[in-house]
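You asked for a reading of this model before it goes any further. My notes are set out point by point below the display.

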Amino acid sequence: MAINEIEFYWRPGCPFCAILRGRLRNTGLPVREINIWEDSEAAARVRAATDGDETVPTVFIGDRVLVNPSINEVTDAVTTDAPELFDLAVEPAAQEHASRH
């Protein structure tokens, strides 16, 4: 199955989420941002991946789960597991205008 986006699970007030969100946006890679406080199924998915905790940021790239990753860990995982995402990357300025909820 082709991977067409990075799933970025976050919550308001999380400084680690804010840092990673900015760095992800700067890559231009396709990212779907999911607020676990607004989506109970998303919160459950994070808990299932983190031994019952709601640790964010949590990133899914296909079947790979990264908990509180650095931007380098994310881009390394994309390189390994979903290099096609680099072909889908857009200029960061254009991405700011896209809705990512």
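The points that follow move from the overall fold to the sheet, the helices and then single residues.

1. Status and overall content. The model is a predicted one, and the remarks in this note should be read in that light. The protein contains five helices and four strands, and along the sequence these elements follow the pattern β-α-β-α-β-β-α-α-α. Of the 101 residues in the protein, 39% are buried. Among the contacts between residues at least 6 apart in sequence, 60% join residues that are at least 24 apart.

2. The sheet. Four strands form an open sheet in the order β2-β1-β3-β4, and the pairing within this sheet is mixed. The edge strands are β2, which covers residues 31-35, and β4, each of which pairs on one side only. From one strand to the next, the twist averages 20°. As general background, the strands of a sheet pair through backbone hydrogen bonds, in either the parallel or the antiparallel sense.

3. The β3-β4 hairpin. How many bridges link strand β3 and strand β4? Strand β3, residues 58-61, and strand β4, residues 64-67, are joined by four bridges and pair in the antiparallel sense. Two of the partnerships can be named: valine 59 has leucine 66 as its bridge partner in β4, while isoleucine 61 has arginine 64. The two strands form a hairpin with two residues between them, and in that turn glycine 62 has a positive phi of about 65°.

4. Helix α1. This helix, residues 15-27, lies across β1 (6-10), β2 and β3, and runs at about 155° to β1. With 13 residues, α1 reaches 19 Å from its first C-alpha to its last, which is close to the 18 Å expected at 1.5 Å a residue. The buried residues in α1 are Cys17, Leu20, Arg21 and Leu24. Seen down the axis of α1, these buried residues fall within an arc of 110°, so they line one face of the helix. After α1 comes glycine 28, whose phi is positive and near 80°.

5. Helix α3. Residues 71-81 make up helix α3, which lies across β1, β3 and β4 and runs at about 175° to β4. When this is set beside the preceding point, both α1 and α3 are seen to lie across β1 and β3.

6. Glutamate 7. Is this residue of strand β1 buried or exposed? Glutamate 7 counts as buried because its relative accessibility is 15%, and the cut-off for burial is under 20%. The side chain of glutamate 7 makes a polar contact of 2.4 Å with the side chain of arginine 45, and another polar contact, of 2.7 Å, joins the side chains of glutamate 7 and tyrosine 9. Leaving out residues up to four places away in sequence, glutamate 7 touches Arg32, Ile34, Arg45, Thr58, Val59 and Phe60. Arginine 45 therefore appears both in a polar contact with glutamate 7 and in the list of residues touched, where contact means heavy atoms within 4.5 Å.

7. Threonine 50. This residue has its place in the loop between α2 (40-49) and β3, and threonine 50 is buried, with a relative accessible area of 9%. A polar atom of the threonine 50 side chain lies 2.8 Å from the backbone oxygen of valine 46, and the side chain of threonine 50 also reaches the backbone oxygen of aspartate 53, at 2.4 Å. Once its neighbours within four places in sequence are set aside, threonine 50 is in contact with Thr55, Thr58 and Val67.

8. Proline 12. Which residues does proline 12 touch, when those up to four places away in sequence are not counted? They are Asn35 and Trp37. Proline 12 is placed in the loop between β1 and α1 and is partly exposed, with a relative accessible area of 32%. The C-alpha atoms of proline 12 and isoleucine 36 are separated by 8.9 Å, although the two residues are 24 residues apart along the chain.

Notes. Residues numbered from 1 in each chain as written. Predicted model: local features only at pLDDT ≥ 70, side-chain atom pairs only at ≥ 80, totals over all residues. Heavy atoms only, no water. Pairing = 2+ DSSP bridges. Axes fitted to C-alpha atoms, helices over the stretch in contact; angles between N-to-C directions. Expected span 1.5 Å × (residues − 1). Buried < 20%, exposed > 50% of the residue type's maximum accessible area, 1.4 Å probe, protein only. Arc of directions from axis to C-beta. Polar contact = N/O pair within 3.5 Å; in protein donor to acceptor, adjacent residues only side chain to side chain.
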